[in-house]
Amino acid sequence: MQLKLQQKLFILFILSLIPLNIFAGLNLVENSKWENSEESPVEVNWYAELLQQVDSLDLKSKKEQDLKSDTIAADSTAPKPFFETAIDYNADDSVTFSLTGQKVFLTKNAFVKYGSIELKAYYIELDIAKKEAFAYGIQDSTGKFIDTPEFKDGTEEFACKQLRYNFDTGKGLVNEIITEQESGYVHSEFTKRMDENTFFLKNGKYTTCDHEHPHFYVKMTKAKMIKDDKIVSGPLYLVLEDVPLPVFLPFGFFPFSSKYSSGILLPSYGEEQLRGFNLRGLGYYWAINDYVDLATRFDIFSNGSWGTDIDSKYKKRYKFSGSLSGEYHKNQYGDKGLDDYSESTDFAIRWTHTQDSKANPYRTFSASVNFSTSENDRNNSTDINKIVNNQKQSSISYSKKWPDSPFSLNGSLRHSQNSIDTTISLTLPSLSLNMTQIYPFRSKGKSSNLKWYDKVGVSYSSKLENRINTKEDELMSSSLTKDWQNGYQHSIPITTNFKLATDLTLSPTLNYKGVLYSKSIRKSWDESLNDNAGGVLIDTIQGLQYAHNYSTSVSLSLSPKIYGMYTFKESSKIEAIRHVMTPSISVGYTPEIGIPREKYYKTYKNGDGDDVEYSMFEGSLYGTPTGALESGSISLSLDNNIEAKIKTANDTTGNEDFKKVKILESLKFSTSYNMFADSLNWSTIRISGRTKLFNNKLDLSVSSTVDPYDLNANDIKIDKFGPRMTNASIDLGFGLSSTDFKGEREGAGKGEDGKDGKKNEPNLDEMKYIDFDIPWSFTLNYGWTYSKPKTESNTTQNVSLRGNFSLTPKWKITFSTGYDFADKSITATQFSLTRDLHCWQMTFNTIPFGTYQSYNFKINVLSSVLQDLKYEKKKVWQDY
């Protein structure tokens, strides 16, 4: 719309007579007219257009206006526009402009976007001249502020109560801001934003509680915050549930970083009866890089005892991960110079390494090492599970397979020890090269219509080992040549089978075995030994010795299945019971064949002049390879399985549905008969059974061994039938949880047709005593063993109970206990109580009685950032 100068001046004169407050609430632009239009709201607004036309340039004389513009280019020094990019803004209620056109007032769900900066609030005042925005929220009927300013600049986001921001300088003033920094939250009453990373705070709070009104916080009178880096604070104190605590510090430093950072590890203070006052856990954490870290800690005791431990974790994505730890302790007990004074030196090494399954399909490496002195856990650990564990095992293994090849290589280092008798067993190393079974006479890809020679299979296995079994204090002084056992063994079995009938199979086998040892022995009788009483003199001959032999055998096996079924009447809920018997009979024969026995077996004459035979490789790893003597055996076994087919509710089609229930999973009997033995032909009879009852809630397993032969007065087995049980065991496990009753409760109150009804409605008097909505579970285990190899018998019997339940969603109780019937004592018992306090946690753990009686009470902040903000009271078993 083009207006003449006289018309413009007349309109301005009329408008100047109207009070300005009339325009204050006037919405000069209707969103509905321009919201979907390509034109800007200023171009649609005639009043804004009028103000733009009547500026200082428009008030020139008509003569000056009639002058034509020349073609001189615009001055490059002309001032830049107010904003480098366009400003987008809107509001639900009104968008109002000032008379000068330099301010925009946005009300209700106001929104302003400038480049990457976005601002939302109930009310926003945009000052174009100053390039500033002022925003605040509004109170609802309850007095709560709603639609408060929300600021976003790239990755930076925060909400506040009131905001003033300059788009040009990036500075701002913020009232009552809440921002998240790593695992914590920063509240500030007054904040000055200097740039996107630097803030000055007044009356600030730092907390790890995510509530708008936090349960606890560190009150900071003034502070400087560098985003994602740190907070440096002046005087500060701790506030818990709005109650200031007498915990004051002159300054504070809160580091924030998404990367690992190094720092000092603060110790815990305590007192023990045996070792006195102590500081535990004083150390340093070193963040080496993104893949590896290292933590060192020291324990110091007032009586002179000390200890140190090192922990390191490492991980490389899609490659491997693991941890390595070691500890060393020097303990002193009693007073020096007195009879009760003693010292102990303990150490432990633990290492776990796991290779990612995606790392290499043909090569794997893993490690699980747990090696320590026998007294280390008892002297230094407070974990009852470590203290009562008397067995430790370790394994480091490497394996490699070649693609499209039957060969594989395996290597391992193994360790086991018993902390009660300090025995230790090491295998360093164990190497094996194996070849899976191949069929050299079978065409590639052939799997049907096989001839007898197509079934001939050949495999290969080899093993190289170096072992020792000794006491812990003798390990380091052991001799590799005298005390360690080492050797190499390989074998080549050749097998095939012939299907003579449906369940009848003939399987001949030819096997070659060879061993290589680093020493052999020779025995002789020496009259000068044992005070001239005479004895066996053993001479060890060092040097590689190879021995080999071969054998052949043939076996015929029959393994049919016999089915029996009992069907019930149609009115019965049980449809049928099926009994499956699987008898098996196998006859094996081994002819006398191989290397002559005298090649590896020698004799010497004892003091009575009798010949005594011995093996040159007596006590070696793999024994002596000898030619097989003629032997034959018949192996017998019978396995039983019983299942029931039970009717369930009708399905939607009206047809009956069935489910199978296992009554007896297995009940097996097995024995064998040696056809060529001159006596004691029958082997022991082995009996085993297992089943699950009550919807798999009860696990039951039994086993027993019966010897068919009697003993004489000297407890020697004789060829006389007299069956006796030599050992037996019963293991019972029963588990129950609240989820087992969930389905039953959901079906309560339904009629026979599944609809709401009174017929199946639960009894209210019964329901008020049990609330299955409370999560709970428990496991009861019972074990009984009996052993009587000869005339003396031994019986052990124990029961254990463990479980947990939650009284409320915040309270959880766990426990474990047991009873040993043989010792007539309660086994190790633990009890723990946990209370979730939202951003805090309270725990109480105790071993209420026994040798390792102890307790530990702790209230701590859950976040790792403030992990040292805690209260702990404990008493370990060494204090009693």
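In which strand is Thr427 found? Thr427 is found in strand E29, which covers residues 423–438, where helices (H or I, at least four residues) and strands (E, at least two) are DSSP runs numbered from the N terminus. The structure is a predicted model, in which local features need pLDDT of at least 70, side-chain atom pairs count only at pLDDT 80 or more, and totals for chains, interfaces and linings use all residues. Residues are numbered from 1 along each chain as its sequence is written, and side-chain values use heavy atoms, with hydrogens and water left out.

**The protein as a whole**

The protein has eleven helices and 51 strands. Of its 880 residues, 30% are buried, where buried means under 20% relative accessible area, exposed means over 50%, and partly exposed lies in between (1.4 Å probe, protein chains only). Among the contacts with a separation of 6 or more, 47% are between residues 24 or more positions apart, a contact being heavy atoms within 4.5 Å. The protein exposes about 54700 Å², and carbon and sulfur atoms supply 55% of this area; accessible areas come from the Shrake-Rupley method with a 1.4 Å probe, and for residues only the protein chains shown count as cover.

**Strand E29 and strand E40**

Because its relative accessible area is 7%, Thr427 counts as buried. Leaving out residues up to four places away in sequence, Thr427 touches Ser412, Leu413, Arg414, Glu465, Asn466 and Arg467. Strand E29 also holds Pro429, and the peptide bond from Leu428 to Pro429 is cis, with omega near -5 degrees.

Ile663 lies in strand E40, residues 658–674, and is partly exposed at 37% relative accessibility. Apart from neighbours within four places in sequence, Ile663 is in contact with Ile577, Ile642, Glu643, Ala644, Thr691 and Leu693. The C-alpha atoms of Ile663 and Phe694 are 9.9 Å apart, with their positions 31 residues apart along the chain.

**Surface patches**

A patch is made of residues with over 30% relative accessible area and no salt bridge, with like charges joined within 9 Å and nonpolar side chains (Val, Leu, Ile, Met, Phe, Trp, Tyr) within 5 Å; a salt bridge is a side-chain nitrogen of Lys or Arg within 4 Å of a carboxyl oxygen of Asp or Glu. One nonpolar patch of about 850 Å² includes Leu500, Val554, Leu636, Met675 and Trp682, and the elements that give two or more residues to this patch are strand E34 (535–558) and strand E36 (574–590). Leu636 is found in strand E39, residues 631–647, and is partly exposed, with a relative accessible area of 31%.

A patch of negative charge on the surface gathers Glu180, Glu182, Asp210 and Asp228. Asp210 is found in the loop between strand E13 (198–207) and strand E14 (216–226), and counts as partly exposed at 48% relative accessibility.

**Positive phi values**

Most residues other than glycine have a negative phi, and most peptide bonds are trans. The table gives two residues with a positive phi.

| Residue | Phi | Place | Relative accessible area |
|---|---|---|---|
| Asn109 | near 50 degrees | strand E3 (residues 103–114) | 39% |
| Asp147 | about 50 degrees | loop between strand E7 (145–146) and strand E8 (150–153) | 36% |

Asn109 is partly exposed, and Asp147 is likewise partly exposed.

Note on methods: Lys, Arg positive; Asp, Glu negative; His and termini not counted. Charge placed at Lys NZ, Arg CZ, Asp CG, Glu CD.
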